[in-house]
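Me: I'd like to learn how to read a few features in a protein model. Could you walk me through them one by one?

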Amino acid sequence: MLRSSQPLTGPNRKRCREDEKLLGTVLDEGERGFIIDTRSAQAAKQARMTGGGTEPKSSYPQWRRLHRPLERGRPLQESFIKLVEACNDTSINMDRWLSRLESCRWLSHVKAALSTACLAAQCMDREEASVLVHGTEGTDTTLLVTALAQVILDPSCRTLVGFQGLLEREWIEAGHPFHLRCARSAYSHARLKQEAPLFLLFLDCVWQLSRQFPFSLEFSERLLLTLFDNAYASAYGTFLCNNEKERCLCKVKEKTHSLWAWLNQPGEKKKYLNPLYSHNALVIWPSVEPQSIQLWQGLFFRWIRSSQYLDEAWAEIQRLVEGN
């Protein structure tokens with residue numbers, strides 16, 4: 001699996017021989033690969049007018065391009081805001097609640113992200129093909145798809161340590177602009193142009209996987225909630241800045257503590273483990289049927305409904321597992 005930003009073909013259909021050679025060396029003679037573009041075909045075509053574009057078939061004959069559009073900007077942020085507003089409105093009746101849940105389209109974004117990740121995983125697992133994923137800059141929906149595909153395919157990414165490594169590799173080092181995307185929460189009245197809850201969408205998709213495969217992920221929902229909190233407001237430097245260059249300039253690693261170092265302390269680590277975990281070497285294929293995608297109540301209802309009884313139930317499960 002590879003990831004990149006869009007090719008800069010521009011309106012004059014410029015070629016980059018180095019790119020063509022690089023992708024050509026990935027495939028043996030007679031093999032075919034798949035390029036999953038997380039933009040619509042129309043959006044990719046329009047990007048040529050501003051210098052971007054997509055791979056011409058004539059220059060990449062062994063690669064088949066698939067467009068799977070995923071929202072990454074203002075529409076996604078507005079969807080998040082509308083969902084939070086609906087969840088916090090305790091005065092609405094059932095019909096109104098269902099209507100608002102549908103109109104915010106958050107679950108549709110979750111379904112689309114999981115579907116695209118499954119497509120990438122299927123190309124690799126069932127077609128035994130190489131896959132290149134890209135969107136525009138390659139630092140938003142691209143990372144969403146590649147990270148989810150790895151959780152689906154690779155059991156090591158479903159362990160606590162492996163999942164931390166996945167986040168470090170696919171989100172932090174790959175340059176997801178956390179400072180811009182997570183500048184404010186859904187409760188802010190400001191509407192910043194660069195905001196978008198891509199990382200939250202990823203965490204929600206991982207939660208969907210944990211719900212459908214409750215024994216296959218070593219970490220619990222509590223870890224996902226902690227990651228969400230730290231992406232928006234943290235005492236640690238892990239999610240600071242927009243890329244590695246900024247982190248180096250700000251000397252983040254020298255001046256702050258790592259979230260991973262704190263999580264991996266024996267006393268803390270225990271809190272984030274799934275007591276039901278059992279190593280599963282198989283690929284986990286999630287259902288993306290509408291009936292299978294559920295609202296992440298542990299996150300979106302956490303401020304209006306106590307999780308005391310659920311926490312106590314998990315503590316009892318952990319006690320029973322350790323007793324055996």
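Reply: Here is a short tour of salt bridges, backbone angles, a surface patch and a cavity. Keep in mind that this is a predicted model.

Me: Let's begin with charged pairs. How many salt bridges does the structure hold?

Reply: A salt bridge is called when a side-chain nitrogen of Lys or Arg comes within 4 Å of a carboxyl oxygen of Asp or Glu. The structure holds 11 of them. One of these pairs Asp37 with Arg39, at 2.8 Å from N to O.

Me: Are Asp37 and Arg39 buried or exposed?

Reply: Buried, both of them. The word applies to residues under 20% relative accessible area.

Me: Which residue forms a salt bridge with Arg72, with the closest N and O atoms 3.3 Å apart?

Reply: That partner is Glu137. Arg72 sits in the loop between β3 and α3 (74-88), while Glu137 belongs to the loop between β4 (131-134) and α6 (141-153), so the pair ties together parts that are 65 residues apart in sequence. For exposure, look at each side in turn. Arg72 is partly exposed, with 28% relative accessible area, and Glu137 is partly exposed as well, at 43%.

Me: And what does Asp140 form with Arg72?

Reply: Another salt bridge, with 3.4 Å between the closest N and O atoms. Asp140 lies in the loop between β4 and α6 and Arg72 in the loop between β3 and α3, so this contact ties together parts that are 68 residues apart in sequence. Asp140 counts as buried because its relative accessibility is 2%. When bridges share partners, it helps to read them as a network: here Arg72, Glu137, Asp140 and Arg181 are joined into one.

Me: Now the backbone. Which residue has a positive phi of about 55 degrees although it is not a glycine?

Reply: That is Arg13. To place such a residue, check the element it belongs to and then its exposure. Arg13 is in the loop between β1 (2-4) and α1 (17-26). It counts as exposed because its relative accessibility is 52%, and the cut-off for that word is over 50%.

Me: Where is Arg105 found, and what is its phi?

Reply: Arg105 is in the loop between α4 (94-104) and α5 (106-125). Its phi is near 70 degrees, again a positive value in a residue other than glycine. With a relative accessible area of 43%, Arg105 is partly exposed.

Me: Moving to the surface, which residues form a nonpolar patch?

Reply: For a patch like this, nonpolar side chains are joined within 5 Å. In this model Tyr187, Trp303 and Ile304 form one, and together they have about 330 Å² of accessible area. Tyr187 comes from the loop between α8 (178-181) and α9 (198-212). Its relative accessible area is 44%, so Tyr187 is partly exposed.

Me: Finally, the interior. How many cavities of 30 Å³ or more does the count come to?

Reply: One. A cavity is a space where a 1.4 Å probe fits but cannot get out. The largest has a volume of about 40 Å³.

Me: Which residues line the largest cavity?

Reply: The lining consists of Ile35, Glu55, Pro56, Lys57, Tyr60, Trp63, Arg64 and Arg65. Strand β3 (residues 63-67) gives the most to it, with three residues. Sorting the lining by class is a useful last step: there are four nonpolar and four charged residues, and no polar ones.

How values were computed: Residues are numbered from 1 along each chain as its sequence is written. This is a predicted model: local features need pLDDT of at least 70, side-chain atom pairs count only at pLDDT 80 or more; totals for chains, interfaces and linings use all residues. Side-chain values use heavy atoms; hydrogens and water are left out. On a 1 Å grid over the protein atoms alone, a cavity is a set of points where a 1.4 Å probe fits but cannot get out, and a pocket is an open set with protein on both sides within 12 Å along at least five of seven lines; lining residues have an atom within 4 Å of a point. Grid points are joined across faces, edges and corners, and a volume is the space filled by probe spheres set on the points. Helices (H or I, at least four residues) and strands (E, at least two) are DSSP runs, numbered from the N terminus. Ala, Val, Leu, Ile, Met, Phe, Trp, Tyr, Cys and Pro count as nonpolar, Asp, Glu, Lys and Arg as charged, and the others, Gly among them, as polar. Patches are made of residues with over 30% relative accessible area and no salt bridge: like charges are joined within 9 Å, nonpolar side chains (Val, Leu, Ile, Met, Phe, Trp, Tyr) within 5 Å. Accessible areas come from the Shrake-Rupley method with a 1.4 Å probe; for residues, only the protein chains shown count as cover. Buried means under 20% relative accessible area, exposed over 50%, partly exposed in between (1.4 Å probe, protein chains only).
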